[in-house]
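Visitor: Please take a close look at one part of this model. Choose a single helix, and show how it sits among its surroundings.

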Amino acid sequence: MTLIDPAARTIGPFSVGPLAFGCWRFVNLPTAEATALIEAALGAGMNLIDTADVYGLDWGGDHFGQAEELLGDVLAASPGLRDQMVLATKGGIMPPVPYDSSPVYLRQAVEASLRRLNTDVIDLYQVHRPDLYTHPGALAEALDELIDSGTVRSVGVSNYTPAQTEALRTHLAAPLVTTQPQFSAVHLGPLWDGTFDGAMAHGIVPLVWSPLAGGRLATGDGLRPELVATLDRLAAREGVDRATMALAFVLAHPARPVAIVGSQRAGRLTSATSALGVALDRNDCYDIIEASQGEPLP
């Protein structure tokens with residue numbers, strides 16, 4: 001029996017697919033090409049579209065807000081797409097500070113994101129990284145006000161430790177519905193640091209970023225040979241490629257994560273859905289973990 005649950009995940013009032021489309025590299029495309037990519041993602045069941053105001057400062061972008069602007073251009077050109085997606089963005093990174101989650105700044109950041117995205121409401125707003133100099137009570141008050149104002153429908157966090165997540169959650173009136181950690185067959189931290197445990201304890205959905213370790217799990221670059229061999233063995237058994245097997249590993253955890261896929265190729269988005277049909281059992285997942293760590297579990 002496979003550990004992968006292909007059913008939709010519930011995030012606040014929304015139902016989202018187990019795979020999402022990430023806009024980290026969604027820059028410098030003509031509007032028509034960008035629209036086709038969003039349509040491909042939605043067609044593949046990736047109805048959660050994840051972006052951030054800071055996206056555009058790397059991956060070939062040249063300014064803050066660029067990825068949101070491109071997505072906003074898509075929504076302006078094809079407004080019917082807005083109703084097909086759960087629109088998620090993030091704020092709180094403000095170079096060169098680097099982090100600002102103060103109530104004044106976040107309110108301004110949300111208003112700016114709304115303008116760039118050409119929308120009147122953000123379905124999921126996440127604090128991108130923790131600001132160590134904002135009290136969680138003050139942040140919670142600001143997030144609750146954003147929900148009460150109708151500009152944000154639900155809230156979550158990104159790159160937060162379990163303790164930081166719990167501190168914020170205890171002050172929020174609204175539910176904290178997501179946490180966005182890095183997790184992959186290379187980066188196993190959420191298995192051990194309490195991130196997934198806290199998510200399961202409180203009904204928080206993990207939105208996993210970099211599930212392919214920046215593409216290394218597809219290319220094999222810089223990976224332990226035993227991890228490549230294990231993934232290849234399982235992939236051959238299931239009739240998929242190594243990248244698909246790596247996505248399947250992420251989806252197999254009982255926290256029922258959503259894996260954010262950032263490929264800018266429509267064909268790759270479609271093929272990623274093969275991960276939902278992979279049969280992974282407990283032994284397979286522990287084989288991957290041991291190969292990643294380079295030693296057996298105790």
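Guide: What follows is a look at helix 9 and the nonpolar core it joins.

This is a predicted model, with residues numbered from 1 along each chain as its sequence is written. Local features need pLDDT of at least 70, side-chain atom pairs count only at pLDDT 80 or more, totals for chains, interfaces and linings use all residues, and side-chain values use heavy atoms, with hydrogens and water left out.

Start with the helix itself. Helix 9 covers residues 225-238. Helices here are DSSP runs of H or I with at least four residues, strands are E runs of at least two, and both are numbered from the N terminus. Helix 9 has 14 residues, and at 1.5 Å a residue they should span 20 Å; the end C-alpha atoms are 20 Å apart, which agrees. The expected span is 1.5 Å times one less than the number of residues.

Now its faces. L227, V228, T230, L231, L234 and A235 are buried. Buried means under 20% relative accessible area, exposed over 50%, and partly exposed in between, with a 1.4 Å probe and protein chains only. These buried residues cover an arc of only 165° around the axis, which puts them on the same side of helix 9. The arc is taken from the directions from the helix axis to the C-beta atoms. On the other side, P225 and A236 are exposed.

What does the buried side meet? The buried residues of helix 9 pack against helix 8 (216-219), helix 10 and helix 12. Contact means heavy atoms within 4.5 Å. After helix 9 comes G239, with a positive phi near 75°.

Next, the wider setting. The largest nonpolar core has 58 residues. Such a core is a set of buried Ala, Val, Leu, Ile, Met, Phe, Trp, Tyr and Cys residues joined through side-chain atoms within 4.5 Å. Helix 9 is one of the elements that give two or more residues to this core; helix 10 (242-251) and helix 12 (282-293) are also among them. Helix 10 gives the most, with eight residues.

Among the residues with the most contacts inside this core are L217, F249 and F26. Leaving aside neighbours within four places in sequence, F26 is in contact with F21, A34, L37, I38, A67, L70, L71, V74 and Q264. A second, separate core has 21 residues, including L106, V155, L176 and A199.
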